[in-house]
Amino acid sequence: MLYLGAHLSVTHGYLAMAKEASAMGANTFAFFTRNPRGGKAKDLDLKDMDLFNKYIKEHKFGKLVAHAPYTLNPASATESTRDFAFMAMKDDIERLELLPGNYYNFHPGSHVKQGSKKAIELIAEVLNETLFEGMTTTVLLETMAGKGTEVGRSFEEIKAIIDKVHLKSKIGVCLDTCHISDSGYDLVNNFDGILEEFDKVIGLEYLKALHINDSKNEMDSKKDRHEKIGEGYLGLDVFKKIVNHPYLKNLPMILETPNDFEGYEKEIKLLRDMEV
């Protein structure tokens with residue numbers, strides 16, 4: 001079964017968010033755990049979360065992909081920024097345990113002139129301080145486009161972080177199609193080869209979720225500008241391969257394209273219609 005959805009808002013509560021997903025034909029979705037620019041998380045409504053858990057079970061949703069705030073940077077040279085990353089990640093994971101068995105996705109961060117080697121050590125340090133035995137949430141490192149000093153621009157950098165994490169069963173990868181194309185991976189002309197490279201470098205078993213976005217820019221642009229499915233550099237053929245791939249088709253696929261409700265509804269239908 002294809003698990004398709006979009007990035008939705010939790011402003012009106014968890015149950016309302018799940019119903020919005022159903023209305024657009026989605027059976028998974030992503031949401032920010034707190035304001036995407038950081039700050040204190042909203043107080044939890046436990047009754048709403050209980051109703052939400054029952055709803056997604058009854059409607060056979062796939063795993064959900066919660067998203068950390070963009071300001072979370074465990075690779076920062078600034079101690080207060082790293083402290084916020086630790087606090088936010090620890091708090092977010094504890095809250096997500098009330099929605100058991102889902103994913104928590106984050107951007108690995110930017111090294112800001114420290115170099116990727118030092119940044120990788122700092123990212124792994126925060127992960128090792130926050131992951132714990134018995135947790136049901138799996139934390140996902142997102143593949144990045146390579147803007148500025150972003151860490152995670154290559155499979156090798158993602159693997160280097162995973163290698164330093166103690167609880168490897170609690171860690172995974174979210175592959176963003178726009179990001180990896182913009183960082184230099186040729187999905188258009190070498191789709192199978194890129195997946196083989198991922199498997200060789202990281203291990204396909206670590207790939208847990210997808211952000212499926214077309215790109216406004218050509219491969220290796222280092223830009224990170226998402227486009228609607230089939231309207232960018234990647235084109236429809238890449239996404240047809242994704243929804244029909246024997247491994248990928250079972251992963252939650254999250255749209256982060258420049259769209260509104262109707263746009264996401266159309267893209268979800270477009271992708272479902274590609275399945276053969």
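**Internal cavities of the predicted model**

Helix H7 supplies four residues to the lining of the largest cavity, the largest share of that lining. The structure described here is a predicted model, and a search of the whole of it finds two cavities of 30 Å³ or more. Rolling a probe the size of a water molecule over the atoms shows where empty space is left.

The largest cavity has a volume of about 60 Å³. Around this space lie Leu175, Thr177, Ile180, Leu187, Phe191, Ile194, Leu195, Leu207, Leu210, Ile242 and Leu248. Two or more lining residues come from each of helix H6 (177-183), helix H7 (187-201) and strand S7 (207-211). Sorted by class, the lining of the largest cavity holds ten nonpolar residues and one polar residue, with no charged residues. For readers following along in the structure, Thr177 is the polar member of this lining.

The second largest cavity encloses about 50 Å³ of space. Its lining is made up of Tyr14, Phe31, Thr33, Asp92, Arg95 and Leu96. Here helix H3 (residues 79-96) gives the most, contributing three residues. As for the character of this lining, three residues are nonpolar, one is polar and two are charged. The charged pair consists of Asp92 and Arg95, while Thr33 is the polar residue.

Taken together, the two linings can be set side by side by class: no charged residues line the largest cavity, whereas two line the second largest.

Definitions and conventions: Residues numbered from 1 in each chain as written. Predicted model: local features only at pLDDT ≥ 70, side-chain atom pairs only at ≥ 80, totals over all residues. Heavy atoms only, no water. 1 Å grid on protein atoms, 1.4 Å probe; cavity = no way out; pocket = protein on both sides within 12 Å on 5 of 7 lines; lining within 4 Å. Points joined across faces, edges and corners; volume = space filled by probe spheres on them.
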